[in-house]
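Me: Please take a close look at one part of this model, a single residue, and set it against the chain as a whole. Begin with the contacts of the chain and work inward from there.

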Amino acid sequence: MSEREPRTIDLQGILDLLPHRYPILLVDRILDFEPKQWIRGLKNISYNEQIFQGHFPSRPVFPGVYIVEAMAQTGGCLLLQDIEDRARKVIYFMGIDGVKFRKPVLPGDQLVMEVKVVQLKGRICKMRGEAFVGGQKVAEAEFMSMLMDLAEGEGR
């Protein structure tokens, strides 16, 4: 029995899934996923990112809240895969728990986010995310989110 080919999503595919745009789009590529189960995404951390102008110019560190957001956006790519009329939907955070930051993430790093569905009930999803640089865990968190309909006339 042979291994399956990875399911990848390029930047254009991510833009089709998520409403986020520069400078808050924090996923560059989806490396692989299993529908409704898990997903692995990639964020290239570049010194040219706006956030490094203020965090911190003399010793740039990618903010932890951005790492959590990158994990959540990666999870959002997984959730929105199977949603019809996803242009009329948005996912909102409901809660974030158990956040731990283990190592700083620096310009030049490649941040790999691995997100697993813990529980999926209707419009509410609980996920567990871990972020890695060079195979070493740099952060982890659990988060809950809810899929919401956009109001009439409201667009992405």
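Reply: In this predicted model, 63% of the chain's contacts with a separation of 6 or more join residues 24 or more positions apart. The chain holds 2 helices and 6 strands, and their order along the sequence is α-β-β-α-β-β-β-β.

For overall dimensions, the C-alpha trace spans about 50 × 45 × 30 Å along its principal axes. The radius of gyration is 16 Å, which agrees with the value near 15 Å for a compact globule of 156 residues. Of those 156 residues, 39% are buried. The exposed area of the chain is about 9000 Å², with 51% of it supplied by carbon and sulfur atoms. As for charge, there are 21 positive and 21 negative charges, and their mean positions lie 4 Å apart.

The residue to look at is Ser-145, which is part of strand S6, residues 136–149. Its relative accessible area is 7%, so Ser-145 counts as buried, the limit being under 20%. Leaving out residues up to four places away in sequence, Ser-145 touches Ile-91, Tyr-92, Phe-93 and Met-94, as well as Arg-123, Ile-124 and Cys-125, and also Leu-79.

Leu-79 falls within helix H2, which covers residues 64–80. This helix has 17 residues and reaches 24 Å from its first C-alpha to its last, close to the 24 Å expected at 1.5 Å a residue. Because 15 of its 17 residues are buried, H2 is largely enclosed by the rest of the structure.

Technical notes. Residues are numbered from 1 along each chain as its sequence is written. This is a predicted model: local features need pLDDT of at least 70, side-chain atom pairs count only at pLDDT 80 or more; totals for chains, interfaces and linings use all residues. Side-chain values use heavy atoms; hydrogens and water are left out. Helices (H or I, at least four residues) and strands (E, at least two) are DSSP runs, numbered from the N terminus. Buried means under 20% relative accessible area, exposed over 50%, partly exposed in between (1.4 Å probe, protein chains only). Contact means heavy atoms within 4.5 Å. The expected span of a helix is 1.5 Å times one less than its number of residues. The radius of gyration is taken over C-alpha atoms; the globule rule is 2.2 Å times the number of residues to the power 0.38. Accessible areas come from the Shrake-Rupley method with a 1.4 Å probe; for residues, only the protein chains shown count as cover. Lys and Arg count as positive and Asp and Glu as negative; His and the chain ends are not counted. The place of a charge is taken as NZ of Lys, CZ of Arg, CG of Asp or CD of Glu.
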